[in-house]
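Grab a pencil and work through these exercises one at a time. Try each task on your own before you read its solution.

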Amino acid sequence: MTDFSFIQITDHHLLESEEQFREGFCPGYAMRMVIRHIAENVADKADFIISTGDLVEPCTDETYQCAVKLLGLNLSAALPGPQKINIEGLRDYPMYFLPGNHDDREMMTRHLFPDSKAPTLYNFTFEHKGVQFVFMDWGPESKAHLFPETREFLMKALGSDLPSVIVCHQHVKRIGSRWLDNFLADNLDEFWGVVAAPGVKEKVLAILCGHVHITFEDEYLGIPILGLRSTAYPFAKVDDPVVIMAPPHYRHIRIQDGILTSKVYTVII
């Protein structure tokens, strides 16, 4: 029977050095503290880590070089990975990377997957212990868009008989913040038309996302939606942009006998 777990982290916004600050936070230091907490508490129970986007900001050669160095990346795998990280007690620990709107697909591929050709969109699947992970890309803008090729990719991927976890950067349902919900795709109904179709939604265990820097648990048409706070700086769920002083989160997710559950950890730094 299926029984394994993995870890989600998101929205790291790493800068050109570990010591730089943004919005009163030091993203490089926070990333180290999150990874250290993972290493000390859940790494031995989990099979891999997934980062759901915005690895760096701005997307420059220097920020990606900082990310590769900070994570101690062993760049031995082709897309979609995983690559192996070596940082804060983790040694050759598998980690998957999905780009966010602040990531450049060509640049990210060149630095993190040097043996792979950069795709226009990071639409990939992989199977782990009888569960399909569907990495889908809403595009390089803050406002999501379901591209025709992504819709076709989803239809094909979710035609599998395997239970599936959809992993993306941008959120997929209103969270109740005017400025953040303006980033939802105008053609979001096309996404739900594929994902929540009869015979398909029963196989979708959950949708994981980032982008809004807020941890939440919701559902739509019976499909769980799990959002997560940034490891860098959190936003308040209000109508205008407000950064709050709050510690990072990560999510430890378990899949057992076709049931997905999760626990959110708070990292005091």
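A salt bridge here is a side-chain nitrogen of Lys or Arg within 4 Å of a carboxyl oxygen of Asp or Glu. Keep in mind that you're looking at a predicted model.

**Exercise 1: Salt bridges**

Task: Find how many salt bridges there are by this rule, then look at the pairs E57 with R22, D44 with K45, and R110 with D61.

Solution:

Step 1. Start with the total: the count comes to 14 salt bridges.

Step 2. Take E57 and R22, whose side chains meet with N and O 3.5 Å apart. E57 sits in the loop between β2 (49-51) and α2, while R22 sits in the loop between β1 (3-9) and α1 (27-41), so this pair ties together parts 35 residues apart in sequence. E57 has 18% relative accessibility, which makes it buried.

Step 3. Now try D44 and K45, where the closest N and O atoms are 3.8 Å apart. Both of these residues are exposed.

Step 4. Move on to R110 and D61, with a salt bridge of 3.1 Å from N to O. This pair links distant parts of the chain, since R110 belongs to helix α3 and D61 to helix α2, 49 residues apart. R110 is partly exposed at 39% relative accessible area, and D61 is partly exposed too, at 30%.

Step 5. Finish with a group: E18, R32, R36 and E88 are linked in a network of salt bridges.

**Exercise 2: A buried charge**

Task: D103 is buried yet has no salt bridge; work out which side chain of opposite charge is nearest, and what the D103 side chain contacts.

Solution:

Step 1. Locate D103: look in the loop between β4 (90-97) and α3 (105-112).

Step 2. Check for an opposite charge. The nearest such side chain belongs to R105, 5.9 Å away. A salt bridge needs the atoms within 4 Å, and D103 has none.

Step 3. Look for other polar partners. The D103 side chain reaches the backbone nitrogen of D54 at 2.9 Å. With the side chain of Y64, the D103 side chain makes a polar contact of 2.8 Å.

Step 4. Widen the view. Setting aside residues up to four places away in sequence, D103 touches several residues, among them G53, L55, V56 and M108.

**Exercise 3: Helix α3**

Task: Decide whether α3 is largely enclosed or open, and find what covers its buried residues.

Solution:

Step 1. Pick out the buried residues of α3: R105, M107, M108, T109, H111 and L112.

Step 2. Draw the conclusion. Six of the eight residues are buried, so α3 is largely enclosed by the rest of the structure.

Step 3. Find the cover, which includes α2 (61-71), β3 (83-87) and β4.

Step 4. Inspect the N-terminal end of α3. D104 caps it, with a side-chain oxygen 3.2 Å from the backbone nitrogen of E106.

**Exercise 4: Cysteines**

Task: Find how many disulfides a search of the whole structure gives, then check C59 and C168.

Solution:

Step 1. Recall the idea: a disulfide is a covalent bond between the sulfur atoms of two cysteines.

Step 2. Read off the result: the search finds zero disulfides.

Step 3. Check C59. The nearest cysteine sulfur is that of C66, 14 Å away, and C59 is in no disulfide. C59 is partly exposed, with a relative accessible area of 31%.

Step 4. Check C168. Its nearest cysteine sulfur, from C209, is 5.4 Å away, and C168 is in no disulfide either. C168 is buried, at 0% relative accessible area.

**Exercise 5: Two faces of a strand**

Task: Sort the residues of strand β5 (residues 124-128) into a covered and an uncovered face, then describe how β5 pairs with β6.

Solution:

Step 1. Remember that side chains in a regular strand alternate between the two faces of the sheet.

Step 2. Sort them: F124, F126 and H128 make up the covered face, and T125 and E127 the uncovered one.

Step 3. Look at the partner. β5 pairs with β6 (residues 131-135) in the antiparallel sense, over five bridges. E127 stands opposite Q132 in β6.

Step 4. Follow the chain round the turn. β5 and β6 form a hairpin with two residues between them, and K129 in the turn has a positive phi of about 50°.

Methods
Residues are numbered from 1 along each chain as its sequence is written. This is a predicted model: local features need pLDDT of at least 70, side-chain atom pairs count only at pLDDT 80 or more; totals for chains, interfaces and linings use all residues. Side-chain values use heavy atoms; hydrogens and water are left out. Helices (H or I, at least four residues) and strands (E, at least two) are DSSP runs, numbered from the N terminus. Buried means under 20% relative accessible area, exposed over 50%, partly exposed in between (1.4 Å probe, protein chains only). Lys and Arg count as positive and Asp and Glu as negative; His and the chain ends are not counted. A polar contact is a pair of N or O atoms within 3.5 Å; within protein, one must be able to donate a hydrogen and the other to accept it, and residues adjacent in sequence count only if both atoms are side-chain atoms. Contact means heavy atoms within 4.5 Å. A disulfide is a pair of cysteine sulfur atoms within 2.5 Å. Two strands pair if DSSP finds at least two bridges between them.
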